[in-house]
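Reader: I'm new to this structure and would like a close look at a single part of it. Could you pick one helix, walk me through its surroundings, and then step back a little?

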Amino acid sequence: MNVIEISLILLGIMLVLLAGGVWIAITLAITGFLGLTLFAKTPAGEGLFTAFWGSNASWELAALPMFIWMGEILFRTKLSEQMFEGLAPWLNRVPGRLMHTTILGCGIFGSVSGSSAATCATIAKVALPELLKRGYDEKIALGSLATAGTLGILIPPSITMVVYAVAAEASIIRIFLAGFIPGLILMLLFSGYIAWWSLRNPDKVPAAEAELSFIDKIKKSGNLIPCALLILFIVVVLVKGWATATECAAYGVLGSLAIAVQSRMLTWRNFMDSLMSATRVSCMIMFILAGAKYLSLTMAFTGIPRELAEWVATLQLSPYMLIGILALLYIVLGTALDGISMIVLTSTVVLPMILKAGFDVVWFGIFIVLLVEIAEVTPPVGFNLFVLQNMTGKDANTIAHASLPFFACLVLCIGIITVFPQTVMWLPDVIMGVAK
Amino acid sequence: MPNTLRRSLDWLYNAAGFLAAFFVFAIFAVMIASSLMRELSIKTGGIEDLVAWLCAAAAFLAMPHAFKHGDFVRMELLISRLGAPRRRTFEIGGLAFGVAFCTYLAFWAIRMTWGSYEYGVMSDGLLVLPIWIPQLSFVLGAVLLLIAMTDEFVCVLMGRRPVYVTAVEERHARGDFSEDI
């Protein structure tokens with residue numbers, strides 16, 4: 001049996017298990033087991049133990065529970081209320097006015113949180129009722145919240161990036177740094193669309209509120225100082241290379257606890273809830289990573305990724321064509337799978353292909369994160385749609401429709417980073433030196 | 001199922017979950033402590049090994065609790081469209097695969113860790129310790145996950161809806177999305 005046949009059989013088994021609702025981690029491990037036993041004739045049990053132990057007992061991976069816990073703590077503070085109050089007075093003269101609080105709020109919360117659903121839920125909880133109360137357009141508000149929430153995984157820290165870095169064996173800090181500029185570009189695109197829409201529909205934007213004096217604006221924004229300090233702290237630590245990603249994450253937790261204390265939200269219950277939540281979420285992700293490690297062992301023994309990469313190379317696709325096909329593939333996958341599973345599932349097979357075609361592993365990380373963001377707002381299983389559906393009672397398809405213009409911004413952003421890869425590579429190269 | 005059995009099983013999963021949470025907290029404490037010690041130029045050799053083991057312990061011990069809590073992700077696109085009776089068939093099928101895999105995982109966790117103990121294998125990093133001690137968390141987590149899977153399998157066979165489904169429904173109804181990435 002040749003390698004292509006083996007890979008088709010394994011792919012078939014995996015798809016059947018996935019579609020049948022077997023847990024992702026268990027599906028990966030079962031496929032790995034079958035591959036090893038049937039085709040590689042290697043002892044499958046020892047491999048299972050080594051893969052699971054090696055994957056979980058990892059110093060690098062310890063950053064994951066820390067970053068998750070940090071987000072969980074902040075999720076339980078008044079940060080989002082403070083953010084809305086602090087941002088609102090500055091936006092009076094911008095076309096679109098308070099509508100931009102969704103984009104800015106998500107961008108700022110995204111730089112302390114690593115999750116898209118949590119960012120979307122946190123900002124929407126405050127911004128949505130405030131915007132609707134003041135008479136802003138509901139469609140734009142919903143669309144921008146659903147899509148801007150995904151900034152949580154593009155702007156570091158990001159759980160998705162940690163998972164990608166571990167799966168691709170790349171530097172977490174380098175990928176974090178690479179996310180800053182695309183994150184800013186995306187925020188500009190989102191805000192640009194809101195401004196353009198508001199200029200075209202002036203009747204749908206409520207009148208400006210009474211202008212505060214400069215001093216009052218500063219006073220109102222005082223609430224944002226703790227959060228700004230935390231962001232500044234994380235950025236400086238990352239940029240200066242003072243700490244490893246894990247240490248940086250631990251200090252992030254310390255900072256978040258300080259913010260929670262300062263806003264008097266750190267009850268014993270909140271503390272325990274955030275810790276238990278973080279433990280469960282980390283466990284879920286690490287279980288998937290362990291299953292994937294076992295499957296990649298099978299891949300290494302059967303040589304599927306190498307063969308596939310060579311086969312793709314013989315197709316003589318231009319790099320843009322390859323990227324285009326992969327983008328479509330991920331958009332399709334994203335309609336059915338969550339982002340973490342999507343990355344872990346594909347990285348062993350897709351990465352050799354991409355590297356052979358001359359793309360950088362860090363660049364591809366940002367590319368894939370942007371595609372995961374798209375997946376979060378595409379029905380039927382876009383998670384941000386689901387979050388807003390639960391919060392507003394609106395149907396997921398209505399929200400997906402409202403996000404279409406912002407979806408287009410995401411696609412445009414993918415185009416920009418593909419044509420100008422420097423937007424991704426510049427910051428990490430300047431700060432950490434060009435990678436060998 | 002008798003009430004005491006139900007209660008003691010749930011207690012077991014939760015206890016393992018709390019222990020895992022303690023290890024997450026320990027990662028935090030050790031990281032902060034080690035960076036302070038480095039500033040005071042106290043040697044911190046072996047910290048990386050210690051943190052790696054804490055991370056493994058947190059991951060393994062939380063498994064039964066996270067599973068019961070509905071945190072393990074899967075593709076629900078198709079099964080969520082089925083009617084209740086057919087959906088139940090798929091849940092039972094999925095749990096059967098789960099039980100089979102967990103049995104295999106627990107068996108090999110025990111066998112390999114026992115091997116480490118029997119041959120006195122030491123860890124090969126800076127922190128030298130019999131490796132079976134940290135590996136014990138793998139054994140404990142895998143065995144408890146097997147128990148939790150089997151427990152759920154039996155309950156669903158007896159006609160109850162899976163608790164990993166109802167737990168998520170309740171959480172989302174409260175508007176709590178903190179556990180979704």
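Author: Let's start where the helix stops: H16(A) is followed by A:Gln316, whose phi is positive, near 55 degrees. Keep in mind that this is a predicted model.

Now back up into the helix itself, which runs over residues 304–314 of chain A. Which of its residues are buried? They are A:Ile304, A:Pro305, A:Leu308, A:Ala309 and A:Val312. These buried residues sit on the same side of H16(A), because they cover an arc of only 125 degrees around the axis. There's a handy bit of background for that: an α-helix has 3.6 residues a turn, so residues three or four places apart point the same way. Go round to the other side of H16(A), and you'll meet A:Arg306 and A:Thr314, which are exposed.

So what covers the buried residues of H16(A)? The cover includes four helices of chain A: H1 (3–19), H15 (268–302), H17 (319–334) and H18 (339–356).

While we're in chain A, a word on cysteines. The structure holds zero disulfides over all chains. Take A:Cys106, which is in no disulfide: the nearest cysteine sulfur belongs to A:Cys120 and is 6.5 Å away, while a disulfide would need the two sulfur atoms within 2.5 Å. A:Cys106 is also buried, with a relative accessible area of 0%. A:Cys409 is in no disulfide either, as its nearest cysteine sulfur, that of A:Cys413, is 9.1 Å away. A:Cys409 is buried too, at a relative accessible area of 8%.

Stepping back, let's see how chain A meets chain B. Here 63 residues of chain B are in contact with 74 residues of chain A. The area buried between the two chains is about 6,000 Å², and carbon and sulfur atoms give 79% of that. There are two salt bridges across this interface. One of them joins B:Asp71 to A:Arg280, with the closest N and O atoms 3.5 Å apart. You'll also find nine residue pairs in polar contact across the interface of chain B and chain A.

And which elements of chain B give two or more residues to the side that touches chain A? They are helices H1 (3–39), H2 (47–61), H3 (63–68), H4 (84–118), H5 (132–157) and H6 (163–173) of chain B. H1(B) gives the largest share of that side, with 14 residues.

Note on methods. Residues numbered from 1 in each chain as written. Chains lettered and ligands numbered in written order. Predicted model: local features only at pLDDT ≥ 70, side-chain atom pairs only at ≥ 80, totals over all residues. Heavy atoms only, no water. Buried < 20%, exposed > 50% of the residue type's maximum accessible area, 1.4 Å probe, protein only. Arc of directions from axis to C-beta. Contact = heavy atoms within 4.5 Å. Buried area = accessible area lost by both parts, 1.4 Å probe. Salt bridge = Lys/Arg side-chain N within 4 Å of Asp/Glu carboxyl O. Polar contact = N/O pair within 3.5 Å; in protein donor to acceptor, adjacent residues only side chain to side chain.
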